[in-house]
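Trainee: Can we go through the terms used for this model? I want each label set against its cut-off.
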Amino acid sequence: MPRLEAQIRAERLEDVAAGELGFSVALTNSSSEPARLNLHQASHPALVLDVRDRNDRQVLLPPPSAPDKEDLEEGQVIAPGESVSIDYVGFLDRSLAPGEYRIRYFGEFPALGGSKEDPLRSDWLTVTLRPERGFVTGIGIPGFRPGPDDTLPRPKPPWLRLVEPIWIFIWDFWWWIYCWILRHLFGQHCDDVRSQEIDQARTETISNAPAGFEAWNGTYLWRARFLLTLDEPNCTARVLIRVRLVGTISAAQRTAWETAIEAAWNSRFKLCRRVCCCSDGLRIVTDIQFVTSGEHQVVNVGTTTTNMGNWGASDTVDVSHEFGHMLGALDEYFTVNGVDWGVGRQPTGAIMNNPANPPVARHYSTVRQAAGTLRGATYSTVAQSSSC
Amino acid sequence: MALSARLSIEPSEADATERFVAVCRVTNEGDEGVSLNVAPLSSPSLALEIEDASGSPVHLPPPPVPPAEPPIERLEAGQEKEAEFAGFLPSWTQPGRYRARCRYVAGSGEPVVSDWVEFTLTPG
């Protein structure tokens, strides 16, 4: 008789923020006969994860997404000895009280590897959730400027280019002394980690589209949604976007999307301000995670990329541009909100003009503003290779 | 150019935005073949016009970066060009009644539009 075994593994078990908990479950066919499992259905945390608090009370999870075609199919055949792995991330509500929790895989239906009489279950995984730091989830960030503020860069005058390095040197010297005193005489620590879910409406009006492209003229609206974590111990500003996919895509195509997007956006810029902790800035780390619930964005998988919510399965270029919209960046072709950018896909155009090219600092404007309000400070965006 | 547009949306009622599929068809009603710029049909953001129950426009996310040259296809007399937009409604759309029409904008003249089609997003 076919038999599956479930093993649960996590990289981090202590001091985890509820919304960031992630682990994987390895499902192995330990019998000599092929077993069947609907991997797509088993990827829904609410269908297979049993979560208990310290008092063994069940923690209810958000409902799974509406069943799609793959959920209703027979499932995959797992050959004897074969093992498959499923990752679960971001399924716990961020408002969950801190403390100790236990989690296990629990499949009590044939599609999930077990039955009512003989459910497929893993050992318990015990995790400790830490209290939220930073803003309370769901409360708007005061002072956040929701309107588009991207502008064309202005060149510095020659005199400023000459004087600025001298001024910076003097400032750096005095600042170094100030920070030394704070650290050694007043015992300042750099251990602050704070997170905030960002949900900002973004809008743009395209005009002056040339002949043949008149259809582009119009007003567009979307929501930039991500989890922003300012992490002093690691000197990072982490931007996590969870995406739920609708439609058929192979694991290789999904990995290609992730690779292309993170290559385009990750670790290219940092957020700088005059401060003693992370004085060389917070590196902007972008992370796209594919989830089955608790998503920031829904992306429909098709043959071509047609906007932020509809991506081509084989496309690894335009999807990076659409990810820029998810971060809050505006388009940079034709005339957008009164700024004339010229035609699209210029050889030297940045990613919001030519998706094949990398982004520039202004494309992280929403991230910078969110970080500023989260910290109550003003940041500038600087290339990762430059000094703050 | 004698073009007409038709729109169908299936299903007419659903509890998740991703379930709606719009199909826009542009037909050459004339006696001669025409060159059709298919760029305006390349994205739901370009080809669909949506309104909520109060008549306010529902704006979609921006279309993709346009190609260098408009893609042109030949549409013979009586032929139609079909564009399918699965999951065209953004995930943040609130439940309610909506209507949409297909809009083919070619040149600076009046766009070719279909009749309005109603659909309802129910609470999930």
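Mentor: Start with contact: two residues are in contact if their C-beta atoms, placed from the backbone, lie within 7 Å. Helices (H or I, at least four residues) and strands (E, at least two) are DSSP runs, numbered from the N terminus. This is a predicted model: local features need pLDDT of at least 70, side-chain atom pairs count only at pLDDT 80 or more, and totals for chains, interfaces and linings use all residues. Residues are numbered from 1 along each chain as its sequence is written, while chains are lettered from A and ligands numbered from 1 in the order in which they are written.

Trainee: What makes up the secondary structure of chain A?
Mentor: Seven helices and 19 strands.

Trainee: Why are Thr366(A) and Leu374(A) called buried?
Mentor: A residue is buried if 20 or more other C-beta atoms lie within 10 Å of its own, exposed if 12 or fewer, and partly exposed in between, so both must reach the 20. They belong to helix H7 (residues 365–375) of chain A, whose buried residues also include Arg368(A) and Gln369(A). Of the 388 residues of chain A, 37% count as buried.

Trainee: What covers the buried residues of H7(A)?
Mentor: Strands of chain A, among them E10 (193–207), E14 (282–291) and E19 (380–383). Just after H7(A), Gly376(A) has a positive phi of about 70°.

Trainee: How many residues of chain B are in contact with chain A?
Mentor: 30, and they meet 31 residues of chain A. Helix H1 (residues 44–47) of chain B gives the most to that side, with three residues.
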